[in-house]
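Colleague: I've got a new model open and I'd like to learn how to read it feature by feature. Can we start with the backbone torsions?

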Amino acid sequence: MNQALVPRDRSFVRRAMGAQSAVWRVDGVLLVAVMALSIIGTLLVWSSTRTWAAGAPTGMVKKHVLNLAIGWVLCGIAALADQRTLRIYAPAVYGVALLGLLAVITPLGSTINGSHSWILLGGGFAVQPSELAKPALILMLSALLAEPAPGTDRPRTLDLLLCVAAAAIAMGMVMLQPDFGTTMVLAVITGGTLIFAGLRKRYIAGLAVAAGSAAAAVWLLGLLKPYQVARFTAFINPANDPRGAGYNSTQALIAIGSGELFGKGLFHGGQTTGRFVPEQHTDFIFTVVGEEFGFLGSVTVVALLGVVLLRGLRIARHCENRFGALVVGGVVCWFAFQTFINVGMTIGIMPITGVPLPFVSYGGTATFANMIALGLLQAIHIRERAY
Amino acid sequence: MIRVRSRLVVLQFLVLTLLTVLTLRLWQVQVVRGAQFVAAATETRTRDVIVPAVRGQILDAAGRPLVRNRTALVVSIDRAEIERMRDGGKAVLKRLAAVLGRPVKELRERVRPCGPHVTRPCWPGSLYSPIPIDDNVSPREALQILERQEDFPGVIAEVQAVREYPLGAGASQTLGYLQPVTEEELTKRSSLKANFSGVDLVGRDGLEYVYDEALRGSPGLRRVQVDRMGKVLGVERQTSPVPGDILITNMDANVQKVVDRALANAMKNAPKADGAAAVVLDVKTGGVIAIGSMPGYDPAVWAGGISEKDYQRLLSEKAGLPLISRATHGQYAPGSTFKISSVSSMIRDGYPLRGKYDCPGAVDVGGRSFHNFHGIGMGVIDLHTALVKSCDTIFYQAANEMWRRDGGNTPVRHPKEPMTTTARAFGFGRKTGIDLPGEVAGRVPGREWKKSLWAATKHLSCARARTGYPEVEKKDPSRAAYLKTLAHENCVEGFEWHVSEAANLSIGQGDVLVTPLQLAAAYAALVGDGRLRSPRIAKALVRPDGTRVQEIESPVTGRLPIDKETRDYIHAALSEVTSDGTAAGAFSGFPMNVVKIGGKTGTAEVYGKEDTSWFASFAPAADPRFVVVVTISQGGQGAMAAAPAAREIYEGIYGIKGKAALPDGKPATRLPAIRRDGTVVQ
């Protein structure tokens, strides 16, 4: 692709919609899958908030649609970005994200639902910098690992150390909030990106050992809050405390299981209407689809997320550029982890962890971050597709 | 880039695996186990609210309430909910105690389940039903609880019907009381299971127990949809409760009050009296017009959970076992009131009804001297006079002769035992079958009874005959020696029916025991149509809308073994007792021209205690409508304690002093009318 061939006098619209335009080269399947997930998510947010939220029945869903609209704009902007630009600005983006995380720790931050993760903007809007830290960290790590050691396709040791430092700083600041779920996501992103960058197997093993010992240390040193410990013990045995920590898990299973094959129909889920599942429009949104759309609906959502992940992997495979491939790999790790953890915790095969379901859960910053990530995938797809 | 791609392939494999795991698990949860979760969802999403049926009232024959319902705001606690709380409900109970103005300790005690080592107050009922804490809260207190449900999880405030007893302690043992149903009762009585609501109470004694099923009705059920906070979102389905039937009794509240007052006065006047009972029967129908027992208790102590102190008092011997009705559970030797049976047995055995009999001051029976009251002889008299003046020696002699004819200590193959068999035919020694629980049978001794007693006790007697009574010897050597001789006799010849025992039976002393109710039923048969009836307190069951469910009649259970001439003869003799006989003093000044009273006094000796005082009577003497039997335990002579109490009852019934309890001296014959709305036409 030769930029010099593009005449300078053509209008923006013509450039945007012309035969050479990026619009015609986006990954349509990925786009449609995310659109479908957004629509389903909107219905589910509506169903789970129509009886109680401010401005009910549609107050919350209107905000969700607005978030999505902003998200799609951000997606478009990200999709137009050039990889070299991204690579150059990656440290700056990462720096801004760190500043955001820092701001949360200062008096600017606010606590919502026991997590000190928010900056209130007024007018009912708030941002959650830890969500934006996810794509920022991916960009930073990919930029650091873009140049392999000379003559090999393995990362340079210095880059490796810088990566670990960059990840550790971000994770540490998120852990302070405390946001255990996002910390885990950042850890998975870091691990995944390093592995794709060609980390030696013994280093992988070393990382795994380090992660394991860190987890053990966290557990043994009592760094976890009691509720976090309770979530794990409740996961091992939900009947232990069906009204306390096991309550969410039990109620989520009841809601999903009672949907059976075809579901009870939109707005007809008794468990959803009765608000038996807590945080149902955010972390437990999957229980709404389980109850109201049944097994068929649940599998559709899982399948759509699967399409997103597999299309992402396809983009990564076709990417000739190391930086681009690492960005896409990081995003796929991120979405895959959140999908499995989020759905898994609602059906009792994962412990309760506060991570949203990508493109479905309510939540402004999370939606923005997801859409930016989608935009990055599209950008890499548009520019790196092998013709 | 090769390595990146190969590692991407690994990730792709991982992603596909995870997606498959999710799908399989979803299939398992939603399709394989779906029905199970549907059931669980229904359970969490709906609450079954039991709408208790209003328990039927208990009315007297004129429609006055004996037990009625008062609408009250009741606060109860759902134990299951409290137990699930992290602090065991401590915080909730503390807040509730503050609202109700009660000590927290009391609330905590009242929600504990009763058990072997738990003293009252405690909860005796099912652990799955709400525990009432206060059945008389003000609307303001109830509102405080209802409006802040989030502060009071597991606390229920609702309008309920609470039992009320207008007579107070009157007839408390007869009416009975309610208690929360226990798990055992639920399993034992299958009919309860079907109709039991989980929140209402079950009758534990008296009429409340016997007619529990009819009084209870059946509860309604409302299945409501609730949200996580328990807020009701809507009603899924509903069945209305069916209120219990109204129980109309033969009792009369006014007469009952008269009886209770008379018994209380009699207890006051007889300083050693430790209990009293009275029965007023309708001779024509066998209905029980009043039945009283002292000491009594106010059934209100049961409402809303009884305190340990009250409960111990109800069970204590010292307080006179107020829970026990002496009219049906009290067994006493009947004394001379038993002579109606003894005279009848003489006639059956061929003694002439209108013959002349010698009544000396004392007679020799089996080598022992048996004498009249104060040893006074009356010369040659007829049986009429023997009853009026209460001669004993005639009956001693008859008993002695009968005993000899039966072979004495070496009995013939089929002894006739006229005294024993006649007493049985008068209904003694077996339950009357009254519609009250736990009635006792009394005892009629005889040769067979003696044999079975010996078989049961000879082991013990023979041991005592050897060892003696060393524990008694220290205090009273002569009594110990007597007891040892007695034990020896019982060991060697305890099966023998001695003539002294036969003589004692003839005047209602010794081993014969009757209940006041049995005596009343026997007298009613004697002065009525000669038929023994099983007395009935209940008269009819009526639905709250006035339709009759069932009319209850006293069934005839036997016939007196004497002809009408004999009955009339005894009836005529007893009619003179209050004017010329043993009760003349007690009834002096009674206006016999208004209503003539007939009766028989009885004074039964009890070893180591004061005599049991009896008066069995009927009125009007010529054509009796009422039988009144009064017994005062440790009251002394019949004429001194029981007869005055009976007089007071008659004065009340006929309005000798003040207003008549029964207008025209007749019990109500028609059922009280009940309007369609359930109110009673007075």
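Modeller: Sure, let's begin with Arg275(A), which is partly exposed, with 17 other C-beta atoms within 10 Å. Burial runs on a neighbour count here: 20 or more would make a residue buried and 12 or fewer exposed, so 17 falls in between. Keep in mind that this is a predicted model.

Colleague: What is the phi of Arg275(A), and where does this residue sit?

Modeller: The general idea first: most residues other than glycine have a negative phi. Arg275(A) isn't a glycine, yet its phi is positive, about 55°. You'll find Arg275(A) in the loop between H11 and H12 of chain A.

Colleague: Now Ser390(B): is it buried or exposed?

Modeller: Ser390(B) is buried, since 26 other C-beta atoms lie within 10 Å. Its phi is also positive, near 60°, and again the residue is not glycine. Ser390(B) belongs to the loop between helix H16 (383-389) and helix H17 (393-405) of chain B.

Colleague: And omega? Which residue does a cis peptide bond join to Pro620(B)?

Modeller: As a rule, most peptide bonds are trans. Here Ala619(B) is joined to Pro620(B) by a cis bond, with omega about -15°. Pro620(B) lies in the loop between strand E22 (612-619) and strand E23 (626-633) of chain B. There's also a cis bond from Met294(B) to Pro295(B), omega near -10°. Pro295(B) is in the loop between strand E12 (288-294) and helix H13 (308-315) of chain B.

Colleague: Let's zoom out. How many helices and strands does chain B have?

Modeller: Chain B has 26 helices and 23 strands. It runs to 682 residues, and 45% of them count as buried. For the contact map, look off the diagonal: of the chain B contacts between residues at least 6 apart in sequence, 72% link residues at least 24 apart.

Colleague: How should I read the nonpolar cores?

Modeller: In soluble globular proteins, nonpolar side chains tend to be buried together. In this model the largest nonpolar core holds 134 residues, and Ala278(B), Tyr523(B) and Ile649(B) are among those with the most contacts inside it. Helix H23 (residues 516-527) of chain B gives the largest share, 10 residues. Domain 2 (253-296 + 321-334 + 514-665) and domain 3 (338-506) of chain B both contribute residues, so the core lies between them.

Colleague: Which residues does Ala278(B) touch, leaving out those up to four places away in sequence?

Modeller: Its partners include Val259(B), Leu263(B), Gly292(B), Val629(B), Ala645(B) and Ile649(B). A second, separate core has 117 residues, including Leu30(A), Val289(A), Leu313(A) and Phe337(A).

Colleague: Then the interface. How many residues of chain A are in contact with chain B?

Modeller: On chain A it's 40 residues, which meet 35 of chain B. H12(A) gives the most to the chain A side, with 12 residues. By class, that side has 21 nonpolar, 13 polar and six charged residues.

Colleague: Last one: which stretches of chain A does UniProt list as "transmembrane region"?

Modeller: The unreviewed UniProt entry lists several, among them 88-106 and 359-380 of chain A. To read such a record, set it beside the model's geometry. Residues 88-106 of chain A are 95% helix and 0% strand, with end C-alpha atoms 29 Å apart. Residues 359-380 of chain A are 77% helix and 0% strand, and there the end C-alpha atoms are 20 Å apart.

Note on methods:
Residues numbered from 1 in each chain as written. Chains lettered and ligands numbered in written order. Predicted model: local features only at pLDDT ≥ 70, side-chain atom pairs only at ≥ 80, totals over all residues. Helix = DSSP H or I, 4+ residues; strand = E, 2+ residues; numbered from the N terminus. Contact = placed C-beta atoms within 7 Å. Core = buried A, V, L, I, M, F, W, Y, C linked by C-beta atoms within 7 Å. Domains from an automatic or database assignment. Nonpolar A, V, L, I, M, F, W, Y, C, P; charged D, E, K, R; others polar. UniProt positions renumbered as here; feature names shortened; annotations may be inferred.
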